[in-house]
Structure formats: C-alpha cells, structure tokens
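Please look over the model below before reading on. The report then takes up its architecture, cores and cysteines.

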Amino acid sequence: MACILHIETSTNVCSVAVSENGQCIFEQKESGEKGAGAERLGGMVDEAMSFTDNHAIPFDAVSVSCGPGSYTGLRIGVSMAKGICYGRDLKLIAVPTLELLCVPVLLRELIADSQEPTANSQEPLLCPMLDARRMEVYAALYDRALKVVRPVGADIVTEETYKPWLDERPIYFFGNGAMKCREIIYHPNAHFIDGIEPLAKWMQPLAERRFLNEQFEDVAYFVPFYLKDFVAIKPKPLL
C-alpha cells in the first residue's frame with residue numbers, strides 16, 4: 001500500500017492528512033471564513049511531513065481535492081500539492097471534491113437501507129452539493145458505487161431541478177450547499193444529511209484506488225476544476 005499526503009482546501013475547512021496501508025495516520029484541519037483556513041495550509045503540511053520523516057515513512061504520492069469549490073482555496077491547495085510533487089519527485093493524484101463528499105456518507109452508512117425491493121424500485125442516489133451563490137450550487141448525482149449518474153453542474157435550485165430523478169428513486173442531499181435547498185426541494189424521496197464536510201482524511205480510499213490504477217496527473221499542466229475549460233493546449237515540442 002502507498003503512503004499518501006492528502007490536501008483538501010475546497011471550502012472554509014482546510015485539512016491535511018496522511019494515509020498508509022489504508023489507514024489515516026495523521027490529520028489536521030483548520031476552519032476560516034471564505035477559504036481563510038487555507039492560510040494555515042503550509043504549517044499543517046510541514047507538520048505532516050515532519051511526522052512522516054520522524055517515523056521514516058517515505059511518501060509515494062500527493063492527492064489534492066481538485067474542485068469544484070472555493071477559487072482561492074483550490075488555487076492554494078493545488079499549488080501546494082504541485083510544489084511538493086516537484087520537490088520530492090512524487091506522483092500527483094486529483095480527487096473530485098463532490099466524489100469526496102460521498103465518502104463519509106457511505107462509510108458511516110448514513111443512507112437508510114432500502115425497503116424490500118419491488119419490480120419498480122431503484123437504489124437511492126447521492127447528491128453532494130457545494131454552495132456557490134444565491135440559490136446556485138455545484139452538484140452531481142452518484143449511485144452507491146460512485147458511478148456518475150449525472151455529471152457535475154452549476155445548478156440553480158428550484159423544486160423542479162432534481163424532480164426527474166426524485167420521481168424515480170430516493171436522493172440523499174448533503175454538503176454545505178444542501179442546507180439552503182432544504183426548504184425548496186419538497187419531495188417524499190428527498191432526504192437531507194447534516195454535518196458532511198470534504199475532509200482530507202476521507203480522500204484515502206479514492207486516492208489509493210487511483211494510485212493502484214496509476215491515474216496520475218501531469219504535474220506541469222494540472223489545474224483545478226474552475227480552470228478546466230480555459231487551459232491552453234499543451235505546446236508541441238520544438239523539432
């Protein structure tokens with residue numbers, strides 16, 4: 001198993017963790033308004049690296065939450081992760097923030113068991129939400145295996161936004177964007193889970209799966225979610 005440094009800065013909660021052999025062996029987090037927690041990122045990373053150095057545990061990779069989320073927070077987190085990868089010649093792993101939000105929901109078994117299945121019943125869906133502005137959220141729909149049912153989108157939430165899926169099956173909404181939707185999404189299949197945050201310690205299973213599958217990012221060209229559509233084509237090498 002790999003030893004991975006995890007960095008999460010997509011919201012006002014900034015966190016750092018280290019996992020080894022499938023276990024979280026170090027964790028720190030800091031909260032601040034509008035991404036201010038990321039100001040402590042350098043100190044937390046130093047403590048994580050000192051911890052592993054003192055225990056003679058070499059890093060194999062760095063994983064970073066790649067968004068969507070706070071513009072400032074993501075920029076700081078990705079820059080830090082790339083710097084460490086360059087400095088220590090490590091692999092870079094990108095973990096989508098909305099996928100990350102699903103991990104504590106699945107691990108804590110916060111989804112109620114489905115009733116006895118019928119011919120028309122379907123498994124519930126997960127809808128992680130990150131607050132954007134006004135009634136807008138970044139959201140996606142996943143099944144329990146984290147297979148994408150509907151990709152990430154910037155949704156303006158109304159009663160009708162998720163109705164086609166709610167009419168078919170239960171949906172569990174969570175994340176810091178879900179709370180402002182609680183009074184708008186009225187449907188018997190809509191369920192809300194409080195207290196779910198994207199934390200570095202939850203990145204471990206997602207990052208390790210990508211590590212084993214060798215899903216690494218190009219350190220030179222990798223950018224967070226909010227810049228994906230604006231990245232220039234890689235220049236061709238000169239002949």
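What follows is a short report, from the whole chain down to single residues.

## Overall build

The model is predicted. Its protein chain holds five helices and ten strands. Of the 239 residues, 46% count as buried. The accessible surface of the chain comes to about 12,500 Å². Carbon and sulfur atoms account for 51% of that surface.

Contacts reach across the sequence. Take the contacts between residues at least 6 apart in sequence: 62% of them join residues at least 24 apart.

## The five-stranded sheet

One open sheet has five strands, in the order β3-β2-β1-β4-β5, and its pairing is mixed. The edges are β3 (23–31) and β5, each of which pairs on one side only. Neighbouring strands in this sheet are turned by 15° against each other on average, direction ignored.

Inside the sheet, β1 (residues 3–8) and β4 (residues 61–65) pair in the parallel sense, over four bridges. I4 stands opposite A61 of β4. Helix α2 (residues 71–88) packs on the sheet and touches β1, β4 and β5. The direction of α2 makes about 170° with that of β4.

## Strand β6 and its partners

Strand β6 covers residues 125–131, and six of its seven residues are buried. The strand is therefore largely enclosed by the rest of the structure.

Two strands pair with β6. With β9 (residues 171–174) the pairing is parallel, over four bridges. There, L126 has Y172 as its bridge partner. With β7 (residues 136–142) the pairing is antiparallel, again through four bridges. Here L130 is matched with Y138. The hairpin of β6 and β7 has four residues between the strands. In this hairpin, R134 takes a positive phi near 45°.

Strands of a sheet pair through backbone hydrogen bonds, either parallel or antiparallel.

## Nonpolar cores

The largest nonpolar core has 29 residues. V95, V105, L126, Y142 and F174 touch the most other members. Elements that each supply at least two residues include β2 (13–20), β5 (91–95), β6, β7, β9 and α5 (204–212). Helix α3 (97–107) is also among them. The largest share, six residues, comes from α3.

Which residues does V105 contact, leaving aside its neighbours within four places in sequence? They are L110, I111, L126, F174, I193 and I196. Another core lies apart from the largest one and has 26 residues, among them V45, A48, V64 and C66. In soluble globular proteins, nonpolar side chains tend to be buried together.

## Cysteines

How many disulfides does the model hold? The count comes to zero. C127 is in no disulfide: the nearest cysteine sulfur, that of C181, is 8.2 Å away. The cut-off for a disulfide is 2.5 Å between cysteine sulfur atoms, so the C127 and C181 pair falls outside it.

Are C127 and C85 buried or exposed? C127 is buried, with a relative accessible area of 0%. C85 also counts as buried, because its relative accessibility is 3% and the cut-off for buried is under 20%.

How values were computed. Residues are numbered from 1 along each chain as its sequence is written. This is a predicted model: local features need pLDDT of at least 70, side-chain atom pairs count only at pLDDT 80 or more; totals for chains, interfaces and linings use all residues. Side-chain values use heavy atoms; hydrogens and water are left out. Buried means under 20% relative accessible area, exposed over 50%, partly exposed in between (1.4 Å probe, protein chains only). Two strands pair if DSSP finds at least two bridges between them. A nonpolar core is a set of buried Ala, Val, Leu, Ile, Met, Phe, Trp, Tyr and Cys residues joined through side-chain atoms within 4.5 Å. Contact means heavy atoms within 4.5 Å. Accessible areas come from the Shrake-Rupley method with a 1.4 Å probe; for residues, only the protein chains shown count as cover. Axes are lines fitted to C-alpha atoms, for helices over the stretch in contact, and angles run from 0 to 180 degrees between N-to-C directions.
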